[in-house]
Amino acid sequence: MPQHKRTCQDCDSTFFSSYGRSIQCLPCWKTDQGYTLSKADNALIVTQEKYTELDNAQPANSASDSDPKELARLKQKVRNMQSEKDALALQVKVLHAQVAQLRATQGASSSYGSGLSRGFIKKLLMLCHPDKHDNSDLATEVTKELLSRR
Ligand SMILES: [Zn+2]
């Protein structure tokens, strides 16, 4: 005879019964009928409680671990993040190339400044230092320019 998995309406325990319509587990039914519970009944109650605990714990675990829909959703998310990462890596490459290009043009445009030796620039800096010119705008500007060409 097939056993039906039911939930007891009295104690909320999962129990098995050959009668599909049973609404009470055996110990609860016996109690209702005025029977004294035997050692076997008490053991059954403990078993039912343990089973119910495990039965209730399983859906929570499987929801994230083995739910195929959730798994598919997460796999898609990983794929999206990977293509996003690839796009960003490409962007970084392009930016690196642009930086290299800018450095090259900057080097070319400041070449006329490189005609001044480091020592000469140092002397010019000593001469036009803002401290010696009441912090004038001109002195500050020329000092900045010289510092950038050192
Ligand atoms: Zn019960």
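Lysine 5 stands opposite phenylalanine 16, which belongs to strand 2. I begin with this pair in order to introduce the two strands, and I should say at once that the model before you is predicted.

Strand 1 covers residues 4–7 and strand 2 covers residues 14–17. The two strands run antiparallel, and four bridges join them. Together they form a hairpin, with six residues between the strands.

Let us now look into that turn. Which residue there has a positive phi? The residue is aspartate 12, with a phi of about 60°. Please note that aspartate 12 has this positive value although it is not a glycine. Its place is in the loop between strand 1 and strand 2. Is aspartate 12 buried or exposed? Aspartate 12 has 12 other C-beta atoms within 10 Å, and therefore it is exposed. The reasoning rests on a cut-off: a residue with 12 or fewer such neighbours is called exposed.

A second residue deserves a similar description. Asparagine 135 has a positive phi of about 55°, and asparagine 135 is not a glycine either. Where does asparagine 135 lie? It is found in the loop between helix 4, residues 118–128, and helix 5, residues 137–148. Asparagine 135 counts as exposed because it has 10 C-beta neighbours inside 10 Å.

From this loop we move into helix 5, where leucine 138 is found. Leucine 138 has 10 C-beta neighbours inside 10 Å, so this residue too counts as exposed. How far apart in space are leucine 138 and cysteine 128? From C-alpha to C-alpha, the distance between leucine 138 and cysteine 128 is 8.8 Å, while in sequence they are 10 residues apart.

Having considered individual residues, I turn to the chain as a whole. How many helices and strands does the protein chain have? Its secondary structure comes to five helices and two strands. Read from the N terminus on, the order of the elements is β-β-α-α-α-α-α. In other words, the two strands precede the five helices along the chain.

Two figures complete the description. The protein chain has 150 residues, of which 5% are buried. For a residue to be called buried, 20 or more other C-beta atoms must lie within 10 Å of its own. The second figure concerns contacts between residues at least 6 apart in sequence: among these, 23% join residues at least 24 apart.

How values were computed: Residues numbered from 1 in each chain as written. Predicted model: local features only at pLDDT ≥ 70, side-chain atom pairs only at ≥ 80, totals over all residues. Pairing = 2+ DSSP bridges. Contact = placed C-beta atoms within 7 Å.
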